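Trainee: I should be grateful for a close look at a single part of this structure, taken step by step.

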Amino acid sequence: HGLVAEGTIGGEKVVALCPETFMNDSGRAVQAAARFFKLQPSDVIVIYDEIDLALGKVRVKRGGGAGGHNGIRSIDAHIGADYWRVRLGVDHPGAKELVKTYVLQDFFKEERPVVEQMISAVADALPLLIAGDDGRFMNKVSVAINPPPKRGPEDA
């Protein structure tokens, strides 16, 4: 029910899945892949957009609720809730009736650098999460997205 690629990240064998189901039924694809590759829910990392986070913010945790995200609700229904969730902030349109259109549109030109930086930071830090170190993962992502100000000679 999706496109699959296999490889290694941080020395660990990984399988990447891009469900080809409707987003609201993505749990069916995740369940089929988990069954085929003999994965437990705790081995699964789901990376997804989150309108309740500001653009460029990233959060990670294992388990939890769907928070109104129908794709996550579907995955919870198919494999349970005990998997890693990496939430990528895409912002909220401001009104509930605008959400459906908002999440289906492309990013504005001025938002793309932030989105690219966020995706790059998550990709670079992913070996840490795969190793189970969510704290260092978040630290590395946070620093990459919001680097500390450069220090000059007057700060020495």
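Trainee: Which residue follows α1, and is its phi positive or negative?

Mentor: The model is a predicted one. In it, K38 follows α1, and the phi of K38 is positive, near 55°.

The helix itself may be taken next. Helix α1 comprises residues 26-36, and its buried residues are S26, G27, A29, V30, A33 and A34. Viewed down the axis of α1, these buried residues fall within an arc of 160°, so they line one face of the helix. R35 and F36, on the other side of α1, are exposed. The cover over the buried residues of α1 includes strand β2 (12-19) and helix α2 (70-79).

Helix α4 may be set beside this description. Helix α4 runs through residues 112-130, which makes 19 residues. At 1.5 Å a residue it should span 27 Å, and because its end C-alpha atoms are 26 Å apart, the expected and modelled spans agree. Helix α4 nevertheless bends by about 40° at D124, and a proline, P127, follows within four residues.

The buried residues of α4 are V115, M118, A121, V122, A125, L126, L128 and L129. Among the elements that cover them are the strands β1 (2-9), β3 (45-50), β4 (58-62) and β5 (84-89), together with helix α5 (134-145).

After α4 comes G132, with a positive phi near 90°. Thus a residue of positive phi follows α1, namely K38, and another, G132, follows α4.

Notes: Residues are numbered from 1 along each chain as its sequence is written. This is a predicted model: local features need pLDDT of at least 70, side-chain atom pairs count only at pLDDT 80 or more; totals for chains, interfaces and linings use all residues. Side-chain values use heavy atoms; hydrogens and water are left out. Helices (H or I, at least four residues) and strands (E, at least two) are DSSP runs, numbered from the N terminus. The expected span of a helix is 1.5 Å times one less than its number of residues. The bend at a residue is the angle between axes fitted to the seven residues ending there and the seven starting there. Buried means under 20% relative accessible area, exposed over 50%, partly exposed in between (1.4 Å probe, protein chains only). Contact means heavy atoms within 4.5 Å. The arc is that of the directions from the helix axis to the C-beta atoms.
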